[in-house]
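Please work through the exercises below with the sequence and the model at hand. Each task is followed by a worked solution.

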Amino acid sequence: MAGQSDPHLTLFSAEEIEFVAEDEMVEIVPNMRMDSLNLICGDYGPFYPQIATEVPLWLAIALKKRGKCAIRPPEWMSVEKLTQTLEAERESQGSFQILPFHYVEISKLLFDHAREDVPDMYLVRSLIEDIRDVRFHKVETSLESIDTRTSAVKGLLVL
């Protein structure tokens, strides 16, 4: 994210943004049986072996670390969907394609904690980085355009 290298230019640190992203729901496939978890933030489960269920990313990672489940990557993380998104990003200069707000953080967490659950992980990582780069370029181009227009307007006001 722009400005994250300078702590004075951002409201949240990378760790805080990642923490917020951990509330996104993902699908897991448990390999154990467990009753429902009744937590302050919600009820999750019951969990049955080989029957998919949705849980927050933080819970999926905790279960994965204990060897209790596999995490199914979100549909938008498939090579096919990301390739389509990248092509559409390159074609449309005025807008962004639809991806989850925290797509970078979600993918980073999955790469760090569930790499074996992400098919074609290296290609997926490369596509996500390419999408991010195209988006940064769009933003930079738009900001330069605004700066140019602002300078032109300032020049007219001086006359």
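The exercises concern a predicted model and treat its confidence, its sheet and a pair of helices.

**Exercise 1.** Determine how confident the prediction is along the chain, and where pLDDT stays under 50.

*Solution.* Begin with the chain as a whole: the average pLDDT is 89, and 86% of the residues score at least 70. Next, locate the weak stretch: over residues 155–159 pLDDT stays under 50. Finally, inspect the surroundings of residues 155–159: the model has 0 contacts for them beyond four places in sequence.

**Exercise 2.** Establish the strand order of the sheet and identify its edge strands.

*Solution.* The open sheet is formed by 3 strands, arranged in the order 4-1-5 with antiparallel pairing. Strand 4 (53–56) and strand 5 (69–72) each pair on one side only, and are the edge strands. From one strand to the next, the twist averages 45 degrees. Now consider one pairing in detail: strand 1 (residues 25–30) is joined to strand 5 by 4 bridges in the antiparallel sense. Within this region, Glu27 lies opposite Arg72 of strand 5.

**Exercise 3.** Classify the packing of helix 1 against helix 4 and describe the residues in contact.

*Solution.* First, take the geometry: helix 1 (residues 14–21) and helix 4 (residues 103–113) pack at about 85 degrees, their axes 9 Å apart. Angles of 65 to 115 degrees count as roughly perpendicular, so helix 1 and helix 4 fall into that class. Then list the partners: Ile17, Glu18 and Ala21 of helix 1 meet Glu105, Ile106, Lys108 and Leu109 of helix 4. Sorted by class, this contact between helix 1 and helix 4 comprises 4 nonpolar and 3 charged residues, with no polar ones.

Key: Residues numbered from 1 in each chain as written. Predicted model: local features only at pLDDT ≥ 70, side-chain atom pairs only at ≥ 80, totals over all residues. Heavy atoms only, no water. Pairing = 2+ DSSP bridges. Helix = DSSP H or I, 4+ residues; strand = E, 2+ residues; numbered from the N terminus. Axes fitted to C-alpha atoms, helices over the stretch in contact; angles between N-to-C directions. pLDDT = per-residue confidence, 0-100. Contact = heavy atoms within 4.5 Å. Parallel < 35°, antiparallel > 145°, perpendicular 65-115°, else oblique. Nonpolar A, V, L, I, M, F, W, Y, C, P; charged D, E, K, R; others polar.
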